[in-house]
Amino acid sequence: QVHLVESGGGLVQAGGSLRLSCEASGRTFSSYGIGWFRQAPGKERDFVAAISGGGGTIYYADSVKGRFTISRDNAKNTGYLQMNSLKPEDTAVYYCAAALATISGRYDYWGQGTQVTVSS
């Protein structure tokens, strides 16, 4: 079992930055990958970024490459998503998720989400 809690969302102006955190409990944190997803109103949930358990493999959606950085601190059981140069189209509920097998596959556990709103 894995329990995930996101934090760090909020309201920011376009061009600003936010750092989201995903605090995990349950299974050994370094044993699973972490992904970030987002869902805007009326749209499907989209992949944003993912990082493997040891941090050696990272993926990004094309829409956030060069602006967002995913990382993790296994000693703190916490994953992060640093978001820079934010755009109004980044507005969404952001979710972190745990992948017990591979970060390119199924995500098994999800957090409750944190709202990010970017004003123009």
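**Notes on the predicted model: a disulfide, a charge network and the strands around them**

1. Starting with the sulfurs: the count comes to one disulfide. Keep in mind throughout that this is a predicted model. The bond joins Cys22 to Cys96, with the two S atoms 2.1 Å apart. The torsion about the S-S bond of Cys22 and Cys96 is about 65 degrees, so the disulfide is right-handed. As for what it connects, Cys22 sits in strand S3 (residues 18-26) and Cys96 in strand S9, which puts the two ends 74 residues apart and makes this a link between distant parts of the chain.

2. Are the two cysteines buried or exposed? Cys22 is buried, with a relative accessible area of 0%, and Cys96 is buried with a value of 0% too. If you follow Cys96 across to strand S4, you find Trp36 standing opposite.

3. Next, the charges. The structure holds four salt bridges, and the ones around Asp90 deserve a look. Asp90 forms a salt bridge with Arg38, where the closest N and O atoms are 2.9 Å apart. Asp90 lies in the loop between S8 and strand S9 (92-99), while Arg38 is in strand S4 (residues 33-39), so the pair ties together parts that are 52 residues apart in sequence. Both Asp90 and Arg38 are buried.

4. Asp90 has another partner: Arg67, with closest N and O atoms 2.7 Å apart. This pair also links distant parts of the chain, from the loop between S8 and S9 that holds Asp90 to the loop between strand S6 (58-60) and S7 that holds Arg67, 23 residues apart. Arg67 is buried, as is Asp90. Put together, Arg38, Arg67 and Asp90 are linked in a network of salt bridges. As a reminder of the background, side chains of opposite charge can pair when their charged atoms come close.

5. For another salt bridge, go to Asp108 and Arg106, whose closest N and O atoms are 2.8 Å apart. What about their exposure? Asp108 counts as partly exposed because its relative accessibility is 23%. Arg106, at 65% relative accessibility, counts as exposed.

6. Back to Arg38, which is worth its own point. Why does Arg38 count as buried? Because its relative accessibility is 12%, and the cut-off for buried is under 20%. Besides the polar contact with the side chain of Asp90 (2.9 Å), the side chain of Arg38 makes one with the side chain of Tyr94, also listed at 2.9 Å. Leaving aside neighbours within four places in sequence, the contacts of Arg38 include Glu44, Arg45, Val48, Ser63, Val64, Phe68, Glu89 and Val93.

7. The strand that carries Arg38 is S4. Six of the seven residues of S4 are buried, so the strand is largely enclosed by the rest of the structure. S4 pairs with S9 in the antiparallel sense over seven bridges. S4 also pairs with strand S5 (residues 45-51), again antiparallel, over six bridges, and Arg38 stands opposite Asp46 there. The hairpin of S4 and S5 has five residues between the strands, and Gly42 takes a positive phi near 75 degrees.

8. Now the other set of strands. An open sheet of four strands runs in the order S1-S3-S8-S7, with antiparallel pairing. Its edges are strand S1 (2-7) and strand S7 (68-73), each pairing on one side only. On average, neighbouring strands of this sheet are turned by 15 degrees against each other, direction ignored. Cys22 brings the disulfide into this picture, as its strand is S3.

9. Finally, the S7 edge. S7 and strand S8 (residues 78-83) pair in the antiparallel sense over six bridges. Among the matched residues, Phe68 has Met83 as its bridge partner in S8, and Ile70 stands opposite Leu81. The two strands form a hairpin with four residues between them, and Asn77 in the turn has a positive phi of about 55 degrees.

10. Which residues of S7 make up its covered face? Phe68, Ile70 and Arg72 do, whereas Thr69, Ser71 and Asp73 make up the uncovered one. For comparison, in a regular strand the side chains alternate between the two faces of the sheet. Phe68 of the covered face is also one of the contacts of Arg38.

Conventions. Residues are numbered from 1 along each chain as its sequence is written. This is a predicted model: local features need pLDDT of at least 70, side-chain atom pairs count only at pLDDT 80 or more; totals for chains, interfaces and linings use all residues. Side-chain values use heavy atoms; hydrogens and water are left out. Two strands pair if DSSP finds at least two bridges between them. Axes are lines fitted to C-alpha atoms, for helices over the stretch in contact, and angles run from 0 to 180 degrees between N-to-C directions. A salt bridge is a side-chain nitrogen of Lys or Arg within 4 Å of a carboxyl oxygen of Asp or Glu. Buried means under 20% relative accessible area, exposed over 50%, partly exposed in between (1.4 Å probe, protein chains only). A disulfide is a pair of cysteine sulfur atoms within 2.5 Å. A polar contact is a pair of N or O atoms within 3.5 Å; within protein, one must be able to donate a hydrogen and the other to accept it, and residues adjacent in sequence count only if both atoms are side-chain atoms. Contact means heavy atoms within 4.5 Å.
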